[in-house]
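The following exercises concern the architecture of a protein model. Each task is followed by a solution that proceeds step by step.

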Amino acid sequence: MQASTHPPSLGLLLSPRLRVTRRALGAHPRRMVAGLAGLVATLLGTLALFENVLGYFHALGEIGPLLTLRLLELLIVTLAGVTLLSSTIAALSIFYLSDETALLLASPVPLRRIHHARFVETLVASSWMVLVFSVPALLAWGRVHDAHGAFLPLALLALVALLVLLTATGILLASAIVLVLPARGARDGLLIASALLIGAGLLALRLARPERLEGAGDAGGFAAFLLGLGAGPSPWLPTTWTSDLMRALLGADAPAVPLRLGLLVTSAALAVEASASLLGRVLPLAWSRAQSGRGKGGPPGRANHLLDALLRPLPRPLALFFAKDLRLFLRDPAQWSQLLLLAALGAIYVFNFSALPIAETTAVAVLLRDLAQLANLPLAAFVAAALAVRFVFTMPALEARTFWLVRSSPIMLEHVWRAKFTAGYLPLLAVALAMAVGTNVLLDAPASTHIIYGVTLALLLAAIVSLGLAMGATHAPRDGRSVAQVAAGPAAMGYMTASLGLVAAVVALELWPLTRLLAASRAREPLGTGAMLAIAVCFAAAAALCCGVTVAARRGGIRALARLG
Amino acid sequence: MIEIESLGKSFGRNVGVDGLDLTIPRGSVFGFIGRNGAGKTTTIRLMMGLLVPDQGRIRLGGYDIARQREQALAITGYLPDQPYLYDKLTPDELLAFVAGLHGLRRRHAVQRAAVLLTEMALAAQRGDLIETFSHGMKQRLALACALVHEPSILVLDEPMVGLDPQGARDLRTLLRRLAAGGSTIFLSTHSLAVAEEICDRFGILDQGRLIAEGDLDSLRARVAGRGAGASLETAFLEIVAAREGEW
């Protein structure tokens, strides 16, 4: 039989993905409706938020419109940065790490057609969220500036052109990286770089101390702050063309619009053509390079021996699991790169406390310090619970597909559970204690507060970790989903809700005794026997609640681990 | 020795295994064959204690898997049909981990890992991450995991999948050698030619029921008119077809 000489259409190449998406959406119509309703509500909320904020600035006299335009510029630059990073990471996965690309390359499909199909997927994967959330934002700008009816469609057209241009650039960057590094190394490097960038950005924003603006009390201070963020726009950047175009649209500078829109659209088309031409030549070579990366394990010498020596005093099963889990964790940047971001958030948390008026002795300052002290416990517990979703809840899922090795060995599941519990509990407790006790020291809290917070967090986190392992094992998927997907799933949300409920219950039980102890400490008055007894009952109830949850979750967790194999 | 008595397991209305009785003597290679969905993997998972039976009892080397799980598993090696491994470990590290789970001392574990990696032709890749391995290499490594504690019983679910001709031949030789050394091997496979070559006895499972059991000659005897020349494949197909006719 003669094979067809017509290459498959773009629609055919995209049809598997479309079918899978359609089937996934159709499988749970209720969830889809609920999701859509949630999305619409979020978009309406975003619109209201932008309208309020922009309306406020716009009303600040002559400088108002300038400020809102500067904000638009900052928004476009931020969105562009995020899109470029995500399109580069998406291009690495979609072009160079996907089995589908192998299938396409092994079939008689022209390379340009493969490029176009993969391009569309990369564009959608990296830009859909930016585009959807830009609609209410741009609508708000249009309404605040009382723009022409054509503003929104033309602004969205410009944004789509910018996103296309950035996606093409991301694909070219990913291809260049793959030609130099193996794709696995490149993806890992980008993951680390993106976490570092976001962490550094958050830190920089916080260290700019925006709270000083409250004291400035005038628009000039805020304008100086806004104008000080980032360097001046470069005329060679597509983000500048986009903001210039939107400025022209908002300012009703109609003659400038066609030229700027044309510049953006033709640049986007040229970028796509450049990407298609280059990949039409080098895609097989780059693909081949991406597959040839051979990962090496840790050096068989020093580091491994050191780890073994450090773990030798521990019971054997605990040491075995700890060593294995640590190696797996450290070798997969997808797991640990978020720690960089979390470290930045932790630094911001401590910085926030140091920015309080610690040295002042006014009644307001003292009250503020006391409130901060009281808030410290739930905040530290909340952060620990959020970390537990990402690092404890996902533990059984990470193990699920390889659990046959454990289940077919004569090791008791209690030992496995204990090993997992210890590996999750100790780091979380260290983080929570560092946050709560460390900041309490900054706030000059009494020693009794340190002890109460330490004991409460020790018991509360035992319950949270135990619950995380139990729910994680019960809902562990076995289809090779990534850690991030597991941590963002509905079961993870359920776990987060349960953890926060537990934190709320413990805080509710301890709030009154803590307030009484703090008041007595400030007044330098001893508490009566009745008050001491009531306080002891409250703390005992909180401890009993935590211990009860820990024990019950442990039982359920071991049962769920037995089913995991 | 492997002893299975009146084993039954259902999943809702679907019967996985129905009244299975089997005794596999020490030092023999037992070929467990059947069509897709016949209940082979369910039986194996029941044998390894990964599923709890609705009825019946399984003893591995005299240990009841339900009551003496640890003792039973200490003498058993297992290779599942889809042996997922830790992608970010090296073979050395994986084998040390599995050896530790079986209670081997570190020095012994290192020695066993070296021997097995050489035997499985993976010695050159001992420092590479498993994520870079081909399917066949992962299969050989999973087999090394099953053998690391020198089990006297081996339960293998489709061990030939993904192996190259050399690897398949090496595995056949290894299994025969282990059986000659006294190991009991329970092997589920669709590679009937391979099974014919290495197995002493066979069990044919269909819709959860054992419909034939015995050595090749006894299976051939059940094939009407084909006599001594029939292959295992022919015998299997005809026995299963006859069973279908009965239904």
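Two strands pair if DSSP finds at least two bridges between them. The model examined here is predicted.

**Exercise 1.** Determine the strand order and the pairing of the open sheet of 6 strands in chain B, and identify its edge strands.

*Solution.*
Step 1. The strands of this open sheet follow the order β6-β7-β8-β3-β9-β10 in chain B, and their pairing is mixed.
Step 2. β6 (76-79) and β10 (209-214) of chain B are the edge strands, since each of them pairs on one side only.
Step 3. On average, and with direction ignored, neighbouring strands in this sheet are turned by 15° against each other.
Step 4. One pairing can be inspected in detail: β6(B) and strand β7 (residues 153-157) of chain B are joined in the parallel sense by 4 bridges. Within this pairing, L156(B) of β7(B) stands opposite L79(B).

**Exercise 2.** Establish which strands are touched by helix α1(B) and by helix α6 (residues 165-180) of chain B in that sheet.

*Solution.*
Step 1. α1(B) packs on the sheet through β3 (29-34), β6, β7, β8 (184-188) and β9 (201-206) of chain B, and its direction makes about 145° with that of β7(B).
Step 2. Helix α6 of chain B lies across β3, β7 and β8 of chain B, and runs at about 145° to β8(B).

**Exercise 3.** Describe the open sheet of 4 strands in chain B, and explain why β2 and β5 of chain B each have one side without a neighbour.

*Solution.*
Step 1. The order is β2-β1-β4-β5 in chain B, with antiparallel pairing.
Step 2. β2 (14-24) and β5 (63-64) of chain B are at the edges and have a single partner strand each, so one side of each lacks a neighbour in the sheet.
Step 3. Helix α1 (residues 40-47) of chain B packs on this sheet, where it touches β1, β2 and β4 (55-60) of chain B; the helix direction makes about 120° with that of β1(B).
Step 4. Strand β1 (residues 2-11) of chain B and β2(B) run antiparallel and are joined by 7 bridges. L7(B) stands opposite L20(B) of β2(B), while F11(B) has N14(B) as its bridge partner.
Step 5. These two strands, β1(B) and β2(B), form a hairpin with 2 residues between them, and G12(B) in the turn adopts a positive phi of about 65°.

**Exercise 4.** Characterise the packing of helix α3 (residues 63-96) and helix α10 (residues 238-250), both of chain A.

*Solution.*
Step 1. The secondary structure of chain A comprises 22 helices and 0 strands.
Step 2. The axes of α3(A) and α10(A) are 10 Å apart, and the helices pack at an angle of about 145°. Their crossing is right-handed.
Step 3. Residues in the contact include L69(A), L72(A) and I76(A) from α3(A), and T242(A), M246(A) and L250(A) from α10(A). The contact residues divide into 7 nonpolar, 3 polar and 2 charged.

**Exercise 5.** Which residues touch the most other members of the largest nonpolar core, and which helix contributes the largest share?

*Solution.*
Step 1. The core has 161 residues, of which L94(B) and F186(B) touch the most other members.
Step 2. Helix α19 (residues 447-474) of chain A supplies the largest share, 14 residues.
Step 3. Leaving aside residues up to four places away in sequence, L94(B) touches L405(A) as well as several residues of chain B, among them L85(B), I130(B) and C145(B).
Step 4. Another core, of 57 residues, lies apart from it and includes L47(A) and W141(A).

Conventions:
Residues numbered from 1 in each chain as written. Chains lettered and ligands numbered in written order. Predicted model: local features only at pLDDT ≥ 70, side-chain atom pairs only at ≥ 80, totals over all residues. Heavy atoms only, no water. Core = buried A, V, L, I, M, F, W, Y, C linked by side-chain atoms within 4.5 Å. Buried < 20%, exposed > 50% of the residue type's maximum accessible area, 1.4 Å probe, protein only. Contact = heavy atoms within 4.5 Å. Axes fitted to C-alpha atoms, helices over the stretch in contact; angles between N-to-C directions. Left-handed = near helix turned anticlockwise from the far one by under 90°. Nonpolar A, V, L, I, M, F, W, Y, C, P; charged D, E, K, R; others polar.
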